[in-house]
Every structure is written in C-alpha cells, then in structure tokens.
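Reader: I would like to read this structure feature by feature. Where do we begin?

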Amino acid sequence: MNIVYHEGSRTFHLYNDRISYIMTIMKNGHPGQLYFGRQIRDREDFSYLLETCHRPMTSCVYENDGGFSLEHIRQEYPVFGTTDYRQPAVEIRQENGSRISDFQYQGYTITEGKPSLQGLPATYTESAQEARTLVLTLEDAVTKVRVQLYYTIFAKGGILARSVRFTNTGAQPVWLARAMSLCLDLPDREYVWQQLSGCWARECHIHNRNLEPGIVSIGSMRGNSSHEHNPFLILKRPGTDERQGEAVGVSFIYSGNFRIQAEVDAHDTLRILAGIDPETFTWKLEGQETFQTPEAVLVYTDRGLNHLSQTLHGLYRKRLARGYWRDRARPVLNNNWEATYFNFTQDRLLEIAARAKECGVELFVLDDGWFGARSSDHAGLGDWKANRERLPEGIAGLAEKIERMGLKFGLWFEPEMVNKDSDFYRQHPDWILSTPQRRQSQGRNQYVLDFSRKEVVDAIYEQMADILTNAKISYIKWDMNRSITECYSQTLPPDRQGEVYHRYILGVYALYERLTSEFPEVLFESCASGGGRFDPGMLYYAPQAWTSDDSDAVERLKIQYGASMCYPVSSMGTHVSVTPNHQVFRNTPLHTRANVAYFGTFGYELDLNQLSPEETEEVKAQIVFMKKYREVLQYGTFYRLKSPFEGNEAAWMVVSDDQKTALVGWYRILNCANGNFTRLRLEGLNPEFCYRNAKTGRCHFGDELMYAGLITSDGTAGQAPAGEMPSSDFDSRMYVLEVAES
C-alpha cells in the first residue's frame, strides 16, 4: 500500500497489491483522472494517459489552444458551467447568481490511517497500518471556497474510499447546489450496468443493462434510500460472471436521498457520479462554515462478482459495522409480529416466549403495539410508554419475566414517526415535517417528525433512554414505515429549506450515535418496512437489518441473493415465518424456510405453539443446527453459485476461514418430471482437503467438489422408484461438508 507523488509530472499514484488509482494536476490547475484498475507498476510520468485533441464545436479553456477542452478530458471533480458539458460533480451558487467556479490545486497531504467524518457513518481503521489517506486541496479564488478531496486506499483489497469537504473561507455566503461524493471518469463504456432495484416486499432484485450514449441513473427522493433502488452499482465487463472477469463496484454510505448515475458521451467515455441527490439538496455555507459529503466506496476486481462482493463483505463486517455485536454470533430470536399483530396481552406474550425457550430460542422480541393507545396503526406513535392495559407491569415487568425464563428481551420502536392521535403530537403539533398552507400527506396513518430539529431528537432520545435504562432490554428493532413528503422545517429560514432532507438524516444518525454509545451491548436492528433503508449508512449503527417484510422463502431467494452483491450475511435479518405466508400466501416446507433463513441472522416470525409436535421437533433441530454453525454462516466467506433470477434452481454456500467447513444451500423452485442429472460446482474449498458429505457419508477432495461438482440429482431425474417419497415444489437441501478426521 502506498501513495506516491511525482513532482516533475505532478502525478499521484495510489496503489496496493490489487489496484492502482492514478491522477495528475493538469495545466489548468484541475485534477485529472488517468487510470483506475488492476495494479500496475509505478513510473515517474503517466502524463501520456491524458489525451487531448482539437474537435469541432468544442469550447476550450485557453485561447489559441484548441486541444484543451474539459469536455473531452477525464477529471476528478468536474465543475458546472465551464467547457465541460457533461453532468458536474459540484455546482455552487453565489450571491450574484453566478454558478461558475474554478477550483485550482493548492497542495496535498498524505496521512497514515483514515480520518472519521463528523456526524456521518464511514469506514474506519483500527491501526495506522491499515490504510493511507491522500487529501487534495483546491480553492476558488473568487468565492474563497476550499474543496478537499479525500482518497483512502486500504492495505488489503481493491478498495478506495472517497469523500469531499467544503469550507467557505470567505466572508460572503454561497449555496452548494450539487456536492457529489465521487466522480470516476473511465475511458470506455464497455460495461454492463447492474443495479439492485424493486419495491416493498421484493427489494434488491438484480437488473442489468448495456450502457449506451446518454445518462442512466438510480436514486431516491423519498428521504430514505428506499425499497426502489439500493445505493449500490456494479459495472462489469460483458464477459464477467460470478467466478471470473473485471468489475467495479460503487457503494454509497448514506441513508437518505441519493443519486448514482452513468453518463456516456459522444466519444464513448464514461462518467460515474455518486452522492446526495442534487434535485432535493441545497446547502448554505456562511463564511467559515464547512460541509462534509457522505462517503462513497469504490471496489475493483478482476476475479469476478463473488470476489467483488467478498471484498465489500469483509470491509463492511469489520470496518463499517462497529461495537459489541460486530464480531459476535447473533442470537436466535422469536418475533411476535406475525403471530399476534396488535392482538396480544402479557399472558399471550409469555405463552409464546415459553414455547420459544423450550425450542431453543435465545431472544424474544415484542414488536409494534406495546405503547400508548396503540391498538392499530392509527394511534400511539410518539408515546413511548407502555400500555398498562396490555402490559400491567410495564416493559420493565415483562422484560424481567422474560429474563427469568432464560431468554433475552427485545423491543420494537419507530422513533422517527408520530400519529396525530397521540399525546406527543397534541403537545407538539409543529414538530412534524409539513409545508405551511399545504395539505399534509400521511402514510400508514402517520407523519414524519422533524429530525432536523435538535429539540425533537432530544425528546425522542429521552423517552427511549428512559426505557433502556429501566428495563432489561438486549435488542432494539428500529423501524421506519413511511417516506418523507412536504419536506419543510418550521425553524429553518427560506434559504435553508433545501437542507432539510440531509439534516433529517443527520438527526437520525445523531440519535443512533447517542443510544448505541450509551447502551453499547444492546443489539440494534434497522428496519424500514423491511428493506426501505437497507444501506451501508445504517450498518455503521445497527450491524443487521430486516432485509424485507416479505418472509416467503421463495421470494427471499432473490432478495437475499441480490442483497449479497454488497451486504454480508451477518447484516441480513432472516426469519422462518408461518404458512401460508402472510405476504404471498404460499405454502413452503418448513425445512426450506429454515434453509433460506440460515443464511442470515436467523429467527422465527410465528407462534411456535401453533405447530404440530412433528414441526416442533423440526424447529428444535433447526435451532440446534443454527447454533452449531452460525459463526460459519454469518462470518464465513459467502459464494453465490446459481442465480434464482436465471432458472428454476438457486444455490449459494459459505466456507469457514480455515476452509474446514462448508455449508451449501440448494433450492429448487418448482418440481419437475423426468428431470436432468444435476451437479453443483462449489467454490472456496481447499483442493488438498478431503470433505465428508454429511448427507451421503462419502468423502471428496476439494478439487473434485469444485471442478467435477457436487451431485444434486434426486428422484426427479428419470422416474422416481416405487415407494420413494417424492420431492415437492419449493424443495431445498443443506449440504454440510466438513474435513474428515482421517
């Protein structure tokens, strides 16, 4: 890992054993992009990579120099309104109405390690040897705005972290109209754009498209990162697949409005921008004020999509997630929501918890409905005190009873929302986001609190901290069930209303930071009607997230497969729910529901008292299995093997760090007649190790399993023998492969 500056050519080279990132200070004083990709050896002068020429109908920076036009040069942080007509990374409005800037290079610093970003989630280091950081300082002579471009290269993996800091060193205010965190100009467009998109209950579906001239983008203007588009992009070469090929990943560590876009110009060069959505953002910078953009992470691989994902998984597990639960196996839980919804009493909860304990569950979670006048979704949000009609001993009393059973106790909150039918709203009707003299829209009968105001965040903190202080609570499920509309704050002046969306997210982060710091051993799980805020920003505070409200095992194959492109298994909330499933009304076998949920944090979303004796025994066996292998499942190396988006079968696997244990999940959606013989080529095994297949008792060397494959043929191949139990739709198997003792 190194960062080298060649003064003669004014070239910077950031590199480790995987990647090189090379840029130069061009003759107009702006930083230009030269190369990003596989690591190449250093040299004094890479200036030949900056190609210029005269082109008709081109505006040029210098008189009598028709070859130097920013329109055709790859740049690090392009500005609005000069000779570059592509989408800019930065746009600053000044008091005279001008939006033109000219950021000239002033100098650089190189430091060991990685600085934190004030008030924002970001990757981090635990020792100075893990990374080095380059900061380029640019300044506009007219506005006196200083821009610092941050580049952190990690010692391991093809990872580069990017962010930008603005400082107004002048006396006059300016307004940031666009402040992207990352610009990456690439020399060609020969990539397939891959995004994770969907909607509620079918998040993170994989969509691919070829890049053509013009602009394609994903983003959110909803106030949250959204179910519709995850803040993550892969650019892969046309021949790249899971096992081989070149790809670039862009992951944005932010939970609010965002945009990631690709622009292909007329000469097939490609510009990638990632940052806060510019349509819903402005920020006033008074003299001496600063603004920090969120962090964007770039990942490069030439070894296929599994390797790209594993690089991100390792970074986000170890250097984005933090705290007590970062490296700990997650408890098996039972959540009461789909078992009872709002219809419960303390006695009913204790009955469910008692059976859960009998089955081996470790954590009982009380979901929505425990507070205020909450008997439906029409009332109670904001009044975070126990409903004594339902819970006569309050949360502290219920938690104590649960603890005496030998279980830990968890609780649901939705702290960012309020119902108008609540004491909290009646006391503070002006504390919601709403625009004067305009209609107030509602979703799920609730309204969004103005978390851009410190007094609002403080009031919610006091209620939550009081409960966490006085009750034995080990887990918090933090929900967020509607997006922002009528985004206006009663306390900000007109020229700062464009700041509300971002200030709101900063308020959410501030509340998370206070609570996780004060109650460090509480396990936080983020949720936003499932995957509406399943993003890297949340992982900084809550090491796991409810991946989707859709708990159907078949639907979850696609959701979890897609999410694994960026997010580690340990971050995915995965539960076994009742059948018929409450979202798609499908009946799936109990073993398949578990075989999907194993690849996540694992738990149950049902009343275990309603199961048959045979099903109860099966659940007990599932929990024993999960407890035995959960550290491998949650923290091993994850491989995607067969995509549910491409056929009737899906498969994935996880391998322990020592390569002595592998767990393979195999899934067939619909049954078939007179089917094929099938094999599954495995990944990540040690070719020298001999692995015993727990299903067959046979031993196979790792190279055999990876190259010849694991036989998955069953009775559907040909005609099933008489008397053999036939397989069914939605079938699945877990293959356990462990190194044989002899």
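Reader: Which residue of strand 17 is the bridge partner of Leu186?

Author: A note before the answer: the model is predicted. The partner of Leu186 is Leu270, in strand 17. That pair belongs to an antiparallel match between strand 10 and strand 17 (residues 270–276), with 6 bridges.

Reader: Which other strands pair with strand 10, and over how many bridges?

Author: Take them one by one. Strand 5 (residues 90–93) runs antiparallel to strand 10 over 4 bridges. There, Glu91 has Arg178 of strand 10 as its bridge partner. Strand 18 (residues 283–285) is also antiparallel to strand 10, with 3 bridges. In that pairing Trp175 meets Lys284 of strand 18.

Reader: Is strand 10 enclosed or open to the outside?

Author: Count its buried residues. A residue counts as buried under 20% relative accessible area. Strand 10 (residues 174–186) has 13 of 13 residues buried, so the rest of the structure largely encloses it.

Reader: Now the N-terminal part. In what order do the 4 strands of the open sheet lie?

Author: The order is 1-2-3-4, and the pairing is antiparallel. Strand 1 (2–6) and strand 4 (31–38) are the edges, each pairing on one side only. On average, neighbouring strands in this sheet are turned by 15° against each other, direction ignored.

Reader: How do I follow strand 1 into strand 2?

Author: Follow the bridges, then the link. Strand 1 and strand 2 (residues 11–15) are antiparallel, with 5 bridges. His6 stands opposite Thr11 of strand 2. Val4 has His13 of strand 2 as its bridge partner. The hairpin has 4 residues between these two strands, and Arg10 takes a positive phi near 50°.

Reader: And what links strand 2 and strand 3?

Author: Another hairpin, with 3 residues between the strands. Strand 2 and strand 3 (residues 19–25) pair antiparallel over 5 bridges. Tyr15 stands opposite Ser20 of strand 3.

Reader: How should I read the two faces of a strand?

Author: In a regular strand, side chains alternate between the two faces of the sheet. Now sort strand 2 by side. Thr11, His13 and Tyr15 lie on one side, Phe12 and Leu14 on the other, and all are buried. That gives 5 of 5 residues buried in strand 2.

Reader: Turn to helices. How does the reach of helix 1 compare with the expected value?

Author: Compare the end-to-end C-alpha distance with the rise per residue. Helix 1 (residues 305–319) has 15 residues and reaches 21 Å, close to the 21 Å expected at 1.5 Å a residue. Helix 1 is also mostly covered, with 13 of its 15 residues buried.

Reader: Which elements do the buried residues of helix 10 pack against?

Author: Start with the cover, then list the neighbours. In helix 10 (residues 590–597), 7 of the 8 residues are buried. They are Leu590, Thr592, Arg593, Ala594, Asn595, Val596 and Ala597. These buried residues pack against helix 9 (553–563), strand 30 (575–577), helix 11 (613–635), strand 34 (661–668) and strand 39 (731–739).

Reader: Step back. How many helices and strands does the protein chain have?

Author: It has 12 helices and 39 strands. The radius of gyration is 27 Å, close to the 27 Å that the globule rule gives for 742 residues, so the chain is as compact as a globular protein of that length. The C-alpha trace spans about 85 × 70 × 45 Å along its principal axes.

Reader: What share of the chain is buried?

Author: Of its 742 residues, 63% count as buried. Contacts add the sequence view. Among those between residues at least 6 apart in sequence, 69% join residues at least 24 apart. The accessible surface comes to about 28,000 Å², and 47% of it belongs to carbon and sulfur atoms.

Technical notes. Residues numbered from 1 in each chain as written. Predicted model: local features only at pLDDT ≥ 70, side-chain atom pairs only at ≥ 80, totals over all residues. Heavy atoms only, no water. Expected span 1.5 Å × (residues − 1). Buried < 20%, exposed > 50% of the residue type's maximum accessible area, 1.4 Å probe, protein only. Pairing = 2+ DSSP bridges. Axes fitted to C-alpha atoms, helices over the stretch in contact; angles between N-to-C directions. Rg over C-alpha atoms; globule rule 2.2 N^0.38 Å. Contact = heavy atoms within 4.5 Å. Areas by Shrake-Rupley, 256 points an atom, 1.4 Å probe, with all protein chains shown as cover.
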